[in-house]
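Dear colleague,

I am passing on the structure below, together with notes on what I found when going through it. Please read the notes with the coordinates open beside you.

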Amino acid sequence: MSERKGAAGGANSGKGRALVTGASGGIGRELARAFASRGYDLILAARNEEALAALAQELGAAHAVRAKTMAVDISVPGAAEAIFEALERAGVAVEILVNNAGIIFEGDFASIALENHLRLLQINVVALTSLTHLFLPAMIARGGGRILNVASIAAFMPIPRLATYPAAKAYVLSLTESLSQELSGTGVTATALCPGLTDTAMVRGSHMAKVVPAPMIMSPKEVAELGCTACLKGETICVPGLANRALTSGVQLLPRALVRSIGGMATIAAAARPAPVAAHKPIELVEAKAEPQTSQVEKGSALTRNIEALSVTTEALLRRLDGTRAPAAIVAETQGSRPKTKVRSATSRRPGAKGALRKASGAGRARSTGFAQAPGKAGMPAHAERQLS
Ligand SMILES: NC(=O)c1ccc[n+]([C@@H]2O[C@H](COP(=O)([O-])OP(=O)(O)OC[C@H]3O[C@@H](n4cnc5c(N)ncnc54)[C@H](OP(=O)(O)O)[C@@H]3O)[C@@H](O)[C@H]2O)c1
């Protein structure tokens with residue numbers, strides 16, 4: 001573990017310390033910046049030590065906070081215990097735990113190697129659960145603390161060709177909601193951050209990024225700012241962006257068969273498209289507008305707006321997939337029935353190492369940087385792990 005002192009001689013901010021996993025890039029790096037800008041000291045964990053060191057330097061200089069780094073591969077069983085023990089040995093308390101590190105694989109379930117499914121579960125589920133279990137007792141004993149688990153809008157719906165990922169995120173959302181209730185009155189809160197498509201290494205060039213309309217893709221900074229604020233307020237679920245909130249609210253009202261058809265059409269049709277070429281048009285990002293908070297009184301009208309927005313979002317997705325046929329016809333074809341014009345009444349959401357901590361050398365580091373081709377499907381990327389910093 002190494003440390004960069006803040007500009008003010010390394011004095012503690014007094015606000016506490018946040019441990020952020022997956023802090024070397026993407027949403028995690030922005031979450032670290034968001035907490036640092038609010039005066040929190042940081043422990044930055046990931047494999048890319050150089051990226052962590054640069055971030056620690058930046059945060060110390062910009063916000064006069066203390067930032068420690070930990071080079072760790074949390075796909076290694078026992079990594080969570082190793083992190084916990086290293087911090088205990090150093091006498092470092094963690095007031096905010098941010099379980100952000102995550103990976104994804106695209107492709108048919110059967111074509112992705114079992115070890116990759118298990119690796120995803122180890123990082124996205126097992127390490128997250130272990131870290132939460134390890135750091136929570138001290139938070140409860142102190143009478144205060146925050147846990148921020150990064151889930152996804154994928155937690156709300158099954159998605160063919162990404163199957164393990166939404167299943168893992170559904171676990172994260174459910175665990176966090178349960179904890180949030182359990183912890184009531186302890187001073188400790190649990191928040192699930194559920195971003196939609198966000199412009200990070202994880203999704204750049206992915207099939208999903210090809211079918212999701214550009215205005216729906218958010219920047220990691222926007223997502224992190226909203227997630228950090230929700231965490232500090234102790235909110236249970238944070239879904240950044242109006243379109244994402246419409247989608248996650250709407251899918252809880254739609255028939256389950258329709259929900260999985262939409263997810264399946266998007267990923268299967270996207271996979272059938274040609275792979276992106278080197279000179280493809282860059283993803284266009286749209287500035288987020290300030291979104292007013294929805295009060296309880298406005299709940300009814302907000303729900304109506306969500307359903308309307310979901311309808312527009314779904315139609316936009318369907319038209320992107322097939323510009324020649326009416327969306328209702330595509331849905332009906334996928335479901336093997338005639339087009340239905342009526343949506344059924346609302347339904348509720350259904351359940352459906354110690355050796356890990358490593359020094360600076362980076363020896364043995366294994367990182368994939370794009371699509372990993374699976375054998376057996378000519379020219380078609382069958383699965384890919386995205387875990388760039
Ligand atoms: N991007 C999206 O559209 C999106 C949407 C919803 C939810 N999310 C979730 O947001 C979180 C962050 O994703 P992102 O989009 O920011 O992805 P990203 O840019 O690929 O960043 C992933 C982070 O996880 C770390 N990581 C990956 N494997 C690791 C390992 N074995 N050990 C330690 N750290 C590891 C990476 O660091 P190293 O490579 O240095 O180890 C990196 O810092 C994930 O949980 C993801 O599921 C993303």
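How are helix 4 and helix 5 oriented relative to each other, roughly parallel or roughly antiparallel? Please bear in mind throughout that this is a predicted model. Helix 4 (residues 114-142) and helix 5 (residues 164-182) pack at an angle of about 10°, with their axes 10 Å apart, and since angles under 35 degrees count as roughly parallel, the two helices are therefore roughly parallel to each other. On the side of helix 4 the contact is made by His-117, Leu-120, Leu-121, Asn-124, Val-125, Leu-128 and Thr-129, while helix 5 contributes Thr-164, Tyr-165, Ala-168, Tyr-171, Val-172 and Leu-175. Sorted by class, the residues in this contact of helix 4 with helix 5 are 9 nonpolar and 4 polar, with no charged residues. As general background to such a pattern, an α-helix has 3.6 residues a turn, so residues three or four places apart point the same way.

The next point concerns the interior. The largest nonpolar core has 91 residues, of which Val-20, Ala-32, Phe-35, Leu-42, Leu-44 and Ala-45 touch the most other members. Helix 4 provides the largest share of this core, with 7 residues. Because domain 1 (12-240) and domain 2 (242-274 + 296-341) both give residues to this core, it lies between them. To take one of the residues just named, Leu-44 is in contact, leaving aside its neighbours within four places in sequence, with Val-20, Ala-23, Ala-32, Leu-52, Leu-55, Ala-56, Ala-67, Thr-69 and Met-70.

Helix 8 (residues 242-250) is also worth a look, because 7 of its 9 residues are buried and it is thus largely enclosed by the rest of the structure. The buried residues of helix 8 are Ala-243, Asn-244, Arg-245, Ala-246, Leu-247, Thr-248 and Gly-250.

Finally, there are two backbone angles to check. Most residues other than glycine have a negative phi. Ala-64, in the loop between helix 2 (49-63) and strand 4 (67-72), nevertheless has a positive phi near 55°, and this residue is partly exposed, with 17 other C-beta atoms within 10 Å. Arg-161, which is found in the loop between strand 6 (145-150) and helix 5, likewise is not a glycine and has a positive phi of about 75°. Arg-161, however, counts as buried, with 23 C-beta neighbours inside 10 Å.

With best regards

Key
Residues numbered from 1 in each chain as written. Predicted model: local features only at pLDDT ≥ 70, side-chain atom pairs only at ≥ 80, totals over all residues. Axes fitted to C-alpha atoms, helices over the stretch in contact; angles between N-to-C directions. Helix = DSSP H or I, 4+ residues; strand = E, 2+ residues; numbered from the N terminus. Parallel < 35°, antiparallel > 145°, perpendicular 65-115°, else oblique. Contact = placed C-beta atoms within 7 Å. Nonpolar A, V, L, I, M, F, W, Y, C, P; charged D, E, K, R; others polar. Core = buried A, V, L, I, M, F, W, Y, C linked by C-beta atoms within 7 Å. Buried ≥ 20, exposed ≤ 12 C-beta atoms within 10 Å, placed from the backbone. Domains from an automatic or database assignment.
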